[in-house]
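Biologist: Could we go through this structure together? I should like to start with the overall picture and then turn to details.

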Amino acid sequence: MSTLENIDTKHFNIENRRYIGNKNKLMPWISELIRDNTQGTSFFDVFAGTGSVTEWELPDFDTFHINDFLYSNEIVFKAFFGNEEYNPEKLDKLAEEYNQINERHDDDDYFVTQYGDKFFSHNDAIKIGEIREQIQRATSLNDRERSILIASLVYSADRAANTVGHYDAYRMLSDVPDRFVFGLITPEQTTSKDIIIYRRDANELVREINADVVFLDPPYNSRQYSRFYHVLEAIVKWDKPQLFGVAMKPKAENMSDYSKTSAPKAFDDLIQNIHGRYIVVTYNNTYENAKSSSSRNKITHEQILNSLNSVGKTQVFDQNYKSFNAGNTDFGDHKEFVFITEVTNHG
């Protein structure tokens with residue numbers, strides 16, 4: 001059962017999303033470790049995912065660099081963390097209008113044909129496609145307002161999706177129920193912060209950014225996030241690609257080296273080229289315990305420690321934690337680790 005069932009239909013906070021590896025529940029512990037073991041005013045969230053780590057760290061830093069290679073995450077960062085002014089009353093009015101939509105007016109039949117009666121009910125697919133097209137065509141929106149509306153659609157669609165929490169497949173149901181309600185996100189108060197948002201390859205970007213604390217939560221297993229969230233990517237990009245296979249996926253793109261056997265080499269290259277005072281890495285031990293090959297980590301605990309120790313002094317912290325599980329994988333004794341390295345060798 002989705003953890004989103006009891007969320008108010010009107011507004012979403014940043015953590016109200018189903019996402020593999022989401023660190024929100026661990027953040028009280030991680031944030032305290034960062035506060036106790038690092039210093040500085042700038043924070044670089046290199047694989048930012050849902051953005052929940054940055055949200056937790058907002059009170060403790062002045063400058064933020066936020067990066068992720070998914071379009072659906074980039075739009076969420078712009079919506080929640082952007083500094084541009086927006087008109088809440090305008091957005092509330094549009095939300096009310098969107099919730100009255102029951103048929104296509106501006107949209108073509110792409111979204112309902114491709115995703116209706118699969119990832120969404122037929123009626124929900126009509127609504128989602130029509131709302132997205134209306135956002136696309138609206139001329140009265142500034143960039144922040146458009147980002148907030150698209151991000152709100154991502155959250156609302158995610159809540160209604162006929163999936164187990166990601167989009168690798170949909171539930172085979174003879175009658176997919178109507179569940180979609182458009183709700184707005186609640187943006188963060190960031191006017192006092194300097195926030196720069198990127199959608200870049202992490203290994204290239206770290207060569208260009210200087211930050212006091214560099215936070216790393218890369219993908220560690222063979223699950224490609226661009227494939228797992230392809231429906232949300234399609235909603236954000238709105239490029240209506242040709243889809244293939246039972247799971248209705250577009251041609252592959254944004255395939256991460258961190259989900260391949262080349263992951264240890266990619267990670268070491270990343271570490272060697274970071275410009276920061278402290279490197280904070282989160283990791284879990286599913287490499288040893290996972291029975292599913294797709295869940296098994298591509299980088300070992302030892303490989304991470306070796307890379308980090310080559311650039312500084314590393315402390316290791318751990319905590320028991322229940323991982324994301326769609327119901328088919330027993331991880332046994334699951335631990336989350338946090339490595340904090342004080343950088344002394346800049347290469």
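**Surface, helix and core**

Modeller: The chain exposes about 15200 Å², of which carbon and sulfur atoms supply 44%; such areas come from the Shrake-Rupley method with a 1.4 Å probe, and for residues only the protein chains shown count as cover. This is a predicted model, in which local features need pLDDT of at least 70, side-chain atom pairs count only at pLDDT 80 or more, and totals for chains, interfaces and linings use all residues. Residues are numbered from 1 along each chain as its sequence is written, and side-chain values use heavy atoms, with hydrogens and water left out.

Biologist: Which residues of helix 4 are buried?

Modeller: In helix 4 (residues 88-98), Leu91, Leu94, Ala95 and Tyr98 are buried, meaning under 20% relative accessible area, with exposed over 50% (1.4 Å probe, protein chains only). Helices here are DSSP runs of H or I with at least four residues, strands runs of E with at least two, numbered from the N terminus.

Biologist: Why are they on the same side of helix 4?

Modeller: Because they cover an arc of only 105° around the axis, taken from the directions from the helix axis to the C-beta atoms. On the other side of helix 4, Glu89, Lys93 and Glu96 are exposed.

Biologist: And what do the buried ones pack against?

Modeller: The buried residues of helix 4 pack against helix 6 (122-137), helix 7 (143-160) and strand 4 (184-185); contact means heavy atoms within 4.5 Å.

Biologist: Changing topic, which residues does Phe120 contact?

Modeller: Leaving aside neighbours within four places in sequence, the contacts of Phe120 include Phe111, Tyr115, Ile128 and Val231.
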